[in-house]
Structures are given as structure tokens and as C-alpha cells.
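Please walk through this structure with me, one region at a time, and explain what the arrangement of its residues shows.

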Amino acid sequence: MRLEFRQVSKVFGAKAAVDNVSLSLEGAGFTGVIGRSGAGKSTLLRMINRLGDASSGQILFDETDILALSGKAKRDWQARCAMVFQQFNLVPRMDVASNVLHGLLGRRSTLSTLFNLWTEADIRRALEILDRLGIAEQAGKRAEALSGGQQQRVAIARALMQDPRIILADEPIASLDPMNAQVVMDTLKRIQTEDGRMVIANLHTLDTARRYCDRVIGMRDGRVVFDGRPEQLTTGVAREIYGADASFSESATSTAIEGLGPDTKYAAALMGD
Ligand SMILES: Nc1ncnc2c1ncn2[C@@H]1O[C@H](COP(=O)(O)OP(=O)(O)OP(=O)(O)O)[C@@H](O)[C@H]1O
């Protein structure tokens, strides 16, 4: 599988949130997109599954121009590239299993959705996915009763229900404590390596990008300013991506997954959040 951006831009008013980006992703890798707040990471991701349309350029998936899709073809594409969000976007009062089954929305008739007419096979699959992600025992609970890390795993389970080729994760761990962040990142890594899905994740910390990604894309002011392997992501390169001055410190972008990290408020301030 191949996802290719050809001179893609997205303009809001006079501002180019994404500015003439060309890049190509091949196969089932784990790609991290990093950059300070406002660099254009979310805008880039949202264009892939057509949550936001590009102003110009082309995005090709295996030679299909996905920006030209409409109607059913567009909905089918959106099911093939599922999105996971920072705030999980679950239905809080609904039980976990139903939240997962809602991943099938768009593939079913409105009527069967309205009356919760899931097939037995669908329900079995939802439970299998929850089991695989280690949260089967939560299936009957309301989503809002779960911890943030568990909720994000439910969101990933909902995404998997669509059997997507691509998983787009927009700051999937930004609202989680270090322990839960690690569980969620491990989960994303597993479904990339075990299932052969392409994962593209916007990440706000360098150590996470280094630890989980095969490839890192650095964005600054809408442009791709770095595209390489995690080991090429030196402190100097990071400084260029984040545009930080001499006070930039590598550890300031750490999530402290290992429990050694810095004050994350300081990191957020440094990156302009
Ligand atoms: N709907 C919109 N209307 C106007 N401007 C927008 C809109 N969405 C994004 N922008 C602008 O586009 C730029 C890129 O935003 P984007 O959210 O893609 O950045 P980001 O790197 O994901 O940042 P963050 O980490 O804060 O989410 C920002 O300057 C932002 O203000």
C-alpha cells in the first residue's frame, strides 16, 4: 500500500496551514508527525480521511485520487482509514461494546443502526477486539466509567471494527498519564506490526516518536522540514523543527513515559500550547 501527497496545501483565509507538502508513505509502517502547536499536523491528518478538504494538490492511495472521491466511494474510503482522537470521541453514556459496534456506522442501514440491530457475528467480533486489547471485562460498562487509557483503547477497538488499512491518530496520548500513554502506544504499535496496517500518528513528544516510529515527519509552519528515521532525529534537528531558541531542551518534549521526565506544563509552554 502506498499513500502519496503531491503538492498538497490547505489554506485558511490568508494562512497556509499545510503548505505544498509532497511525500510518500509505503507499506505498513508507523509514521509519527511532530512539530509545535499550529505546525499543521492535524490539518495534514484530517485531509487524508477527508475530514477537511485540501485547497490544492493530490493525495493518492494506491493510485486512487482520494480527494476526488464523493458519495459512497468517499464513505468507503473513510471507513478504510479510521481516525483516533485525543479526546477519544466515544459516546460517554453508552456501553463500551456498543461504542465499538458504532465503528460499523456507515456500513449499515440507518434503520438497523437506529434500532441497534447488530448481527451476532458483529457482536462477537467487537468482543474479540476488546479481548485482544485487554479490555473485554469492560464491555458492559458505560464508556465514561473507564480510565482515559481504557477509553482510548475502546476508540482503537472502534477503529479496528472498520478493519481499516490506515489508522490516523491525532495526538492519541496527549490527554493521558505516562502509564496509560505507554499502553495506548503499545496497542497502536501492535496493530501496525501484527495486522500490517499503516499507522500515522501526530505526536507531541520526541521520545515517543523515537521509541515507536519507523519514520518521523517534522512539520514547521505547514511545511515538512524533516523526513527521516527516528535515529536521525538529533537534538539539533529537533530544535529546527520546534523552532526553539537556545533554551530548548530535549527533555522538555518528553512525556516522561519512564517516569523520569520533566514538568509537562513546561513542555507544553515551550511548544506553544
Ligand atoms: N478550521 C480552521 N480555521 C482557521 N484556521 C485553522 C483551522 N484549523 C486550523 N487552522 C490553523 O491552521 C494552522 C495549523 O493548525 P493545526 O491544527 O493543523 O496544527 P497542529 O500542528 O495540529 O497543532 P496542534 O498540535 O495545536 O493541534 C494553525 O495556525 C491553525 O490556527
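A residue is called buried if 20 or more other C-beta atoms lie within 10 Å of its own, exposed if 12 or fewer do, and partly exposed in between. By that scale G38, which has 17 C-beta neighbours inside 10 Å, counts as partly exposed. G38 is found in the loop between strand 3 and helix 1, and although 184 residues separate G38 from G222 in sequence, their C-alpha atoms are 8.2 Å apart in space. The model discussed here is a predicted one, and the predictor assigns the complex an ipTM of 0.94 together with a pTM of 0.89.

G38 also leads to the ligand, since it belongs to the group of residues that surrounds that molecule, namely F12, K15, A17, G35, S37, G38, A39, G40, K41, S42 and T43. Sorted by class, this shell holds 3 nonpolar, 6 polar and 2 charged residues. Strand 2, covering residues 15-26, and helix 1, covering 41-48, each supply at least two residues of the shell, and helix 1 gives the most to it, with 3 residues.

Beyond helix 1, the loop that runs to strand 4 (56-61) contains R50, whose phi is near 65 degrees, a positive value in a residue other than glycine. Most residues other than glycine have a negative phi. R50 counts as partly exposed because it has 18 C-beta neighbours inside 10 Å. Another positive phi in a residue other than glycine is found at Q7, near 45 degrees, but Q7 lies within strand 1, residues 2-12. With 12 C-beta neighbours inside 10 Å, Q7 counts as exposed.

Helix 5 offers a case in which length and burial can be read together. Its 13 residues, 120-132, should span 18 Å at 1.5 Å a residue, and the end C-alpha atoms are indeed 18 Å apart, so expectation and model agree. Within helix 5, A126, I129 and L130 are buried; seen down the axis, the buried residues fall within an arc of 100 degrees, and therefore they line one face of the helix. The other side of helix 5 carries E120, A121 and R124, which are exposed. Among the elements that cover the buried residues of helix 5 are helix 3 (96-101) and helix 6 (148-161). After helix 5 comes G134, with a positive phi near 80 degrees.

Helix 9, residues 235-242, can be examined in a similar way, and here A238, I241 and Y242 are buried. These residues cover an arc of only 85 degrees around the axis, which puts them on the same side of helix 9. The partners against which the buried residues of helix 9 pack are strand 3 (30-34), helix 8 (206-212), strand 9 (215-220) and strand 10 (223-228). Just after helix 9, G243 takes a positive phi of about 65 degrees.

How far can the coordinates be trusted along the chain? The protein chain averages a pLDDT of 88, and 85% of the residues score at least 70. Over residues 256-273, however, pLDDT stays under 50, and for this stretch the model has 31 contacts beyond four places in sequence. Where pLDDT is low, the predicted coordinates should not be read in detail.

Notes. Residues numbered from 1 in each chain as written. Predicted model: local features only at pLDDT ≥ 70, side-chain atom pairs only at ≥ 80, totals over all residues. Near = placed C-beta within 6 Å. Helix = DSSP H or I, 4+ residues; strand = E, 2+ residues; numbered from the N terminus. Nonpolar A, V, L, I, M, F, W, Y, C, P; charged D, E, K, R; others polar. Arc of directions from axis to C-beta. Contact = placed C-beta atoms within 7 Å. pLDDT = per-residue confidence, 0-100. Expected span 1.5 Å × (residues − 1).
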